[in-house]
Amino acid sequence: MADQPHKETDAGLEIKPVYTNPGTENTTPPPGDYPFTRGIQPDMYRGKLWTMRQYAGFSTAEESNKRYHYLLSQGVSGLSVAFDLPTQIGYDSDHALAEGEVGKVGVAIDSIEDMEILFSGIKLEDVSTSMTINATGFILLSLYAALGKKQGADLKKLTGTIQNDILKEYAARGTYIYPARPSMRIITDIFEWCGQEMPKWNTISISGYHIREAGSTAVQEIAFTLANGKAYVKAAQEKGLDINVFGKRLSFFFNAHNNLFEEVAKFRAARKIWAGIMKELGATDPKAMMLRFHTQTGGSTLTAQQPLNNISRVTIQTLAAVMGGTQSLHTNGYDEALSLPTEEAARIALRTQQVVAFESGVPDVADPLGGSWFIESLTADMEKAALALMDKVEAMGGSVAAL
């Protein structure tokens, strides 16, 4: 395995970092240039591979900690914490309403002691951690920050993300606690606090993943996600926060399904639309206009019948995410339609990313499908259809009013 993408093919032919068609740069600027249709970095994965961030969390903090150590030993470059439903909606494990749900779809975290056990033997300064938590995100972030202090970490150096996206909970997932408008206040308070205390922390992961899992199309996924993103930006601006500061810490979370070319076009269109939204809302720093996103392969595409075929599905979805320019990626285990992933399934899922990264040649070129008549046309069609849907949301008064 190589540490960096290749500069030439297996046959020794030179590979340029990016390919353009003379005369088309004005319509589709190269990677790293506004509106970032072709990617947010000029050399994309030649400079740095995407973060291989495998989602895990189940049973107790002790059991989840063992899985994290296993994943780190196998080469993951970031952790991603799944919390159980009681933790997600603010119930301790011994609450009557938590009965039967403790540790089922994630790890139960009730206290700072649980958080210590969860990250036992892991220095928070050395690892990037994503936490899939929304209504109680501010509580889990405070526990994480407190543990960082206990470890002697500099909070200003901690990196990671809390999902903190309450709007998609009303539309697709259901783990909300408070009404929409008070929830928006909590979210913008987190923007403000992290801007001062944890400036490298991504304060929100605006999520289309769950919208797609709930049955949306690819167009609906980006339309509703970006409309939600616009609502968060406006709420933060109304609070008096600087779009060029908090805009750099916004991240997104998308799904990758089996239709390879539609998914690549979706990611390209999303970047272009978001750059336009941020510019329109007053952003002047290019980094505040960049759509940075995590991808997870499509859970709803996995079958319980013939589960080994899911390895092929996840491979296609991995290629879509990488050719679409993702910043980090979780690949699902082939057995997830049946159970929590076994160690073997988790290892194969990670190895799928590593094979694409080190053996396929896909990371060698930024936006390798750019310039394809099909991809360019599909990207334009996706953008047009998503903007039409976003106009409908806007006409209703934006995402909060629409909900």
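**Exercise 1. Accessibility of Lys239 and its salt bridge**

Determine which exposure class Lys239 belongs to, and which residue forms a salt bridge with Lys239.

*Solution.* Step 1: Lys239 has a relative accessible area of 30% and is therefore partly exposed, where buried means under 20% relative accessible area, exposed over 50%, and partly exposed in between (1.4 Å probe, protein chains only). The structure is a predicted model, in which local features need pLDDT of at least 70 and side-chain atom pairs count only at pLDDT 80 or more, whereas totals for chains, interfaces and linings use all residues. Residues are numbered from 1 along each chain as its sequence is written, and side-chain values use heavy atoms, with hydrogens and water left out.

Step 2: The partner of Lys239 is Glu192, with the closest N and O atoms 3.9 Å apart; a salt bridge is a side-chain nitrogen of Lys or Arg within 4 Å of a carboxyl oxygen of Asp or Glu.

Step 3: Glu192 belongs to helix α6 (residues 180–197) and Lys239 to the loop between α8 (218–238) and α9 (243–246), so the pair ties together parts that are 47 residues apart in sequence. Helices (H or I, at least four residues) and strands (E, at least two) are DSSP runs, numbered from the N terminus. Glu192, at 33% relative accessibility, is also partly exposed.

**Exercise 2. Further salt bridges**

State how many salt bridges a search of the whole structure finds, and describe the pairs of Lys230 and Lys150.

*Solution.* Step 1: The search yields 19 salt bridges. Side chains of opposite charge can pair when their charged atoms come close.

Step 2: Lys230 pairs with Glu394, the closest N and O atoms being 3.6 Å apart. Since Lys230 lies in helix α8 and Glu394 in helix α14 (residues 373–395), the pair ties together parts 164 residues apart in sequence. Lys230 is buried at 14% relative accessible area, whereas Glu394 is partly exposed at 35%.

Step 3: Lys150 pairs with Glu116 at a closest N and O separation of 3.0 Å. This pair links distant parts of the chain, with Lys150 in helix α4 (residues 137–150) and Glu116 in helix α3 (residues 112–118), 34 residues apart. Lys150 is exposed at 59%, and Glu116 is partly exposed at 29%.

Step 4: A network of salt bridges links Arg38, Arg268, Asp367 and Glu376.

**Exercise 3. Packing of α6 and α8**

Characterise the packing of α6 and α8 by angle and axis distance.

*Solution.* Step 1: The helices pack at about 70°, and their axes are 10 Å apart. Axes are lines fitted to C-alpha atoms, for helices over the stretch in contact, and angles run from 0 to 180 degrees between N-to-C directions.

Step 2: α6 is therefore roughly perpendicular to α8, a class that covers 65 to 115 degrees.

Step 3: Met184, Ile187, Thr188 and Phe191 of α6 make the contact (heavy atoms within 4.5 Å) with Ala231, Tyr232, Ala235 and Ala236 of α8.

**Exercise 4. The surroundings of β8**

Identify the strands with which β8 pairs, and state whether its faces are covered or open.

*Solution.* Step 1: β8 pairs in the parallel sense with strand β7 (residues 250–256) over five bridges; two strands pair if DSSP finds at least two bridges between them. Phe254 stands opposite Thr295.

Step 2: Three bridges join β8 to strand β9 (residues 328–330), also in parallel, and Leu329 is the bridge partner of Thr295 there.

Step 3: In strand β8 (residues 293–297), five of five residues are buried. Both faces are covered, with Phe293, Thr295 and Thr297 on one side and His294 and Gln296 on the other.

Note on methods. Angles under 35 degrees count as roughly parallel, over 145 as roughly antiparallel, 65 to 115 as roughly perpendicular and the rest as oblique.
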